[in-house]
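Trainee: Could we go through this model together, one question at a time?

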Amino acid sequence: MKRAIPCLAATMLALGAWLGSSVTACASSTQAAPIHYDAGRRTFRIDAGKITYAFGVNGNGALQTLYWGARLMANDPLPTAAPPAPRSSFDPAGANTPQEYAGWGGPITVMPDLKVHFADGNRDLVLRYDSYRIVDGTLMVTLRDKQAGVSVVLDYAVDANTGIIGRSARIENHATQAVTLDRVAAASWNLPPATDYSLRYLTGTWAGEWHLRTRPLTPGATELESRRGSTGDENNPWFAIGRGAEWNESRGRVWFGALAWSGSWSIHIDQDVLSQVRVTGGYNPFDFAYQLEPGQSLDTPVFYAGYTDDGIGEASRLMHQFERSRILPAHAQLKLRPVLYNSWEATEFKVDEAGQERLAEKAAALGVERFVVDDGWFGARNSDHAGLGDWTVNREKFPNGLKPLIDKVHGLGMSFGLWVEPEMVNPDSDLYRKHPDWVLNFDGRQRSLGRNQLVLNLARDDVSEHIFHVLDDLLSHNDIQFLKWDYNRNWSEPGWPQQTPEQQQKVYVTYVQHLYDIIRRLRERHLGLEIESCSGGGARVDLGIMSLTDEVWPSDNTDPSDRLSIQDGFSYAYAPAVMMAWVTGSPNWVNGRSSSLDFRFLSSMQGGLGIGANILQWTPAEDATARGYIAAYKDIRATVQLGRLYRLLSPQERAPHSATESVATDGRQAVLFAFLRQGQEAQAYPTLYLQGLDETARYRYRLIHGKAANGTPEVASGAYWMHRGIDLELRGDMDAAAAVFERIGKVANGSR
Ligand code: DGJ
């Protein structure tokens, strides 16, 4: 059976060599990142980046977490694995062991990773250590319930630079009877016992994604999840847990992680009776059942996690670095996001050749590098009531096909992109009239619509082959560089009537595997093709889809003030390198708020800059402003997209101020954005203290927009900008400023 997510091992670590009674896998990168097995103590130890992770086999044969935190010294002794002492008859020996991967069986009371039932009615599964190997740098530990005939192979792949570990599991049925998996996690992460943890997580809804929430971890469970069939925006599969009251942007112990899965998922966070915290993530057990016949197996998604001593800001930067260097496709030569134009907010479904050509000419004149035709170019698509599924060019709108427009766009020096929503069908479409059985449904039951559309059952081989061929054809016959891949509703009635009742719920896994396969095959056949993951905004952003796409659309909400919070929330988990942000019309269509073009540009320049306004209506003065910002953006985008992000002032909870700083990977440039949503009384804007500069270097600053306080030096040391800071003069409502700091040399003598 194929792995759902590409294994990281080959890119992460090279195979080590036997060293006496222990084995070590050494990093292929500059930093050593050994996986070490101590046969005497039966312990595994991983050292990577600034972390050490350790687990061992205890006297009962269970695999038990020993340590996860800051890097230890090579010779530091680790405790031998021993289960916690029994507390009472209700918490007997083995009930609360912080197992790396627990089967539901025996006396356990902690959340199991794997819960099964067998054809003969047995539901008891006790997983015990069997063996390990290191293959291409990935540690693979096999657990087994010999009597039941079930094995689990745990994978541990380590990123030498960030210390982020990717864990997944393969469940194998070696029994002579079928086994049904009722609950399957990728991994559990165990944190040391404490009563002062708090959890940060992301919640949202359409046009209001990426709200950061914090809650104390108390005895009892917190479930972050999606039951929607896809990632969803109600929760995002990311978490961060900090210790004590003091953890903040730059201080405190933080454990964090994210699940690489674009289907229904769950991250279950539990504090048990011993105050141990356990984070279990994987397929959502809700409505889940995956039957394995003898000889069959199932792979889980990868659950990534990391640790830092340096606060949530550093946790985010580690995630960003990891995503750029290990998750995104073609990460070795990660491309900067081109400035794009998208037609949606300007023309909605009323796209046609002449209108799009006019937009393209104007966009090119402003400095845009990619022109994207959004919804409405195909089938009978004049509204959201019809046409989805019929991916042939609408000849009334484009009488000569897409070629004349594409040629025009290319002639203007831009790449060409097209909107698609391949997984959906309108009942009013030729595809649905021909194949009404291709959608998710239960025989004879209602088929609930969302945006007048139904979900095609990609788990079916014929459906996924059809989608692949339609897109392959589209890309083969048109010179397209970019697809905006949209997905605009949740699942409902997720039946698969063509399967036996025992197999139907495999839809939750097979659908997503097929989706990933389609994208992977398209990318293989159309080298250079870039894809944006969009789901009516940010409802499908996760490390799974990210490993196959180049950018994501965080929200349909393009109001530049709301966007400050949206982009801030997004940045906790995901990199600015993939976060697209458009400048659109004012007043904004979502909330009617008016804003200046300056504010809209500066808000959007915090990510991959796009323009989504009707630029044909812009005045010459607005054109000039736009041209200026687009040119300025091209100078700073490498820093914004690939640099180290510091969140200086948080816009969460409708705070009046927001400020971020990005420092280029080579340290030569820093970019500062500052926003004032609403001024109060005569209050000055807070002094901004830059971070991440070289104290002993000199930096010259210039403003892209805004005003600095009188007396602000043009050149000063990194120490000055970080400790004295800069005062910007922002006033009134919806004001913004941006400044660039260029490193111009060392401070003379380097003295203070
Ligand atoms: C939802 C997307 O988020 C929008 O940007 C736009 O592409 C529409 N779908 C088109 O139907």
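Mentor: Gladly, and one definition comes first: buried means under 20% relative accessible area, exposed over 50%, and partly exposed in between (1.4 Å probe, protein chains only). This is a predicted model, where local features need pLDDT of at least 70, side-chain atom pairs count only at pLDDT 80 or more, and totals for chains, interfaces and linings use all residues. Residues are numbered from 1 along each chain as its sequence is written, and side-chain values use heavy atoms, with hydrogens and water left out.

Trainee: Is Arg-460 buried or exposed?
Mentor: Arg-460 meets Asp-462 in a salt bridge of 2.6 Å, N to O; a salt bridge is a side-chain nitrogen of Lys or Arg within 4 Å of a carboxyl oxygen of Asp or Glu. Asp-462 is partly exposed at 34% relative accessibility. With 9% relative accessibility, Arg-460 counts as buried.

Trainee: Which residues form one network with Lys-335 through salt bridges that share partners?
Mentor: Start with the pair Lys-335 and Glu-530, whose side chains meet at 3.2 Å, N to O. Lys-335 sits in the loop between α2 and β23 (340-342) and Glu-530 in strand β29 (residues 530-533), 195 residues apart; helices (H or I, at least four residues) and strands (E, at least two) are DSSP runs, numbered from the N terminus. Lys-335 is partly exposed at 49% relative accessibility, while Glu-530 is buried at 4%. Shared partners join Lys-335 with Arg-337, Arg-370, Glu-530 and Glu-551.

Trainee: How many residue pairs are in polar contact across the interface of domain 1 and domain 2?
Mentor: By an automatic or database domain assignment, domain 1 is 8-331 and domain 2 is 339-425 + 459-493 + 527-637. Contact means heavy atoms within 4.5 Å, and it takes 33 residues from domain 1 and 36 residues from domain 2. The rule finds zero salt bridges across this interface. For polar contacts (a pair of N or O atoms within 3.5 Å; within protein, one must be able to donate a hydrogen and the other to accept it, and residues adjacent in sequence count only if both atoms are side-chain atoms), with both residues at pLDDT 80 or more, the number of pairs is 19.

Trainee: Which element gives the most to the side of domain 1 that touches domain 2?
Mentor: Three elements each supply at least two residues there: β13 (197-203), β17 (254-260) and α2 (311-327). With seven residues, the one that gives the most is α2.

Trainee: What joins the side chains of Glu-100 and Tyr-156?
Mentor: Glu-100 lies in the loop between β6 (63-70) and β7 (114-118). Its relative accessibility is 0%, so Glu-100 counts as buried. The Glu-100 side chain also makes a polar contact with the side chain of Thr-65, at 2.5 Å. What joins Glu-100 and Tyr-156 is a polar contact of 2.5 Å.

Trainee: Which residue has its backbone nitrogen 2.9 Å from a polar atom of the Ser-264 side chain?
Mentor: Ser-264 is in the loop between β17 and β18 (265-271), and it is buried at 5% relative accessibility. The backbone oxygen of Ser-226 lies 3.5 Å from a polar atom of the Ser-264 side chain. The backbone nitrogen at 2.9 Å belongs to Gly-229.
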